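Colleague: I should like to understand how this fold is put together before I plan any work at the bench. Could we go through it step by step?

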Amino acid sequence: MKRTLILVAFAAALSGAAMAQTPTEALSVVSGGKTHAFQVEVADTLPEISKGLTGRASLGKDQGLLMDFRTVREQFNLNMKGVQVELDMLFLDGEGMVRAIATSARPGSLRTVAPGLGSAAVLQIAGGQATALGIKPGDTVKNKIFGNGG
């Protein structure tokens, strides 16, 4: 059963620095022979996935959120309702391969952000970063959830 996941940001949003107070872990994206390092929060329960980046007024270029849909066994349609920051969304398979990318998803948009295929996980990073770093479908995301490091 599909559910629509609404990412909501509150008016009293926290700054990007607040993300550093939340537990994060290493994640890297291997693209074109280069490795790009990020610190990400991992959302792997229904409440965490539903919360998403709620409360964030900014997101650092090396920060993100990794949503692991394998543990909740449901596929979500994402939108940007209430989100205050532009995001790039990388749709990943079970090994961490980038299958599709939605770039610069607009804050507050009700448009569904989905590639039209199932994803094991979604990595959300600051809008424009996928293009700036040359990240493309076929690249590899490394993190312990994929069993390939971080």
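The exchange below concerns a predicted model and treats its sheet, its cores and one buried loop residue.

Colleague: In what order do the 7 strands of the open sheet lie?

Modeller: The sheet is open and its pairing is mixed. Neighbouring strands are turned by 30° against each other on average, direction ignored. The order of the strands is E7-E6-E8-E4-E3-E2-E9.

Colleague: Which strands stand at the edges, each with a single partner strand?

Modeller: A strand at the edge has a single partner, so one side of it is left without a neighbour in the sheet. One of the two such strands covers residues 140-142. The edge strands are E7 and E9.

Colleague: How many residues of strand E8 are buried?

Modeller: Strand E8 spans residues 121-126 and is mostly covered. E8 pairs with E6 in the antiparallel sense over 6 bridges, and 5 bridges join E8 to E4, also antiparallel. As for burial, the count for E8 is 6 of its 6 residues.

Colleague: Which residue in E8 stands opposite Met67?

Modeller: E4 and E8 run antiparallel. Met67 is among the residues that touch the most other members of the largest nonpolar core, which has 18 residues; Leu78, Leu87, Met89, Phe91 and Val113 are also among them. The elements giving two or more residues to this core are strand E4 (63-68), strand E6 (87-92) and strand E7 (98-105). The residue opposite Met67 in E8 is Val122.

Colleague: How many residues does the other core contain?

Modeller: This core lies apart from the largest one. Its members include Phe38, Leu92, Leu123 and Ile145. Its number of residues is 16.

Colleague: Is E2 largely enclosed by the rest of the structure or largely open?

Modeller: A residue counts as buried under 20% relative accessible area. By that criterion 5 of the 7 residues of E2 are buried, so E2 is largely enclosed.

Colleague: Which residue takes a positive phi in the hairpin of E2 and E3?

Modeller: Strand E2 (residues 25-31) and strand E3 (residues 34-43) run antiparallel and are joined by 7 bridges. Ser31 stands opposite Lys34 in E3, and the hairpin has 2 residues between the strands. The positive phi, near 55°, belongs to Gly32.

Colleague: What is the bridge partner of Val29 in E9?

Modeller: Val29 stands opposite His36 in E3. E2 is also joined to E9, by 3 antiparallel bridges. In E9, the partner of Val29 is Val141.

Colleague: Is Asp93 buried or exposed?

Modeller: Asp93 is found in the loop between E6 and E7. Its relative accessible area is 15%, and the cut-off for a buried residue is under 20%. Asp93 is therefore buried.

Colleague: Which backbone nitrogens does the side chain of Asp93 reach, beginning with the one that lies 2.9 Å away in Glu95?

Modeller: A polar atom of the Asp93 side chain lies 2.9 Å from the backbone nitrogen of Glu95. The Asp93 side chain also reaches a second backbone nitrogen at 2.9 Å. That second nitrogen belongs to Met97.

Colleague: How far apart in space are Asp93 and Val141, C-alpha to C-alpha?

Modeller: Leaving aside residues up to four places away in sequence, Asp93 touches Arg99, Ala120 and Phe146. Asp93 and Val141 are 48 residues apart in sequence. Their C-alpha to C-alpha distance is 9.6 Å.

Terms used:
Residues numbered from 1 in each chain as written. Predicted model: local features only at pLDDT ≥ 70, side-chain atom pairs only at ≥ 80, totals over all residues. Heavy atoms only, no water. Core = buried A, V, L, I, M, F, W, Y, C linked by side-chain atoms within 4.5 Å. Buried < 20%, exposed > 50% of the residue type's maximum accessible area, 1.4 Å probe, protein only. Helix = DSSP H or I, 4+ residues; strand = E, 2+ residues; numbered from the N terminus. Pairing = 2+ DSSP bridges. Axes fitted to C-alpha atoms, helices over the stretch in contact; angles between N-to-C directions. Contact = heavy atoms within 4.5 Å. Polar contact = N/O pair within 3.5 Å; in protein donor to acceptor, adjacent residues only side chain to side chain.
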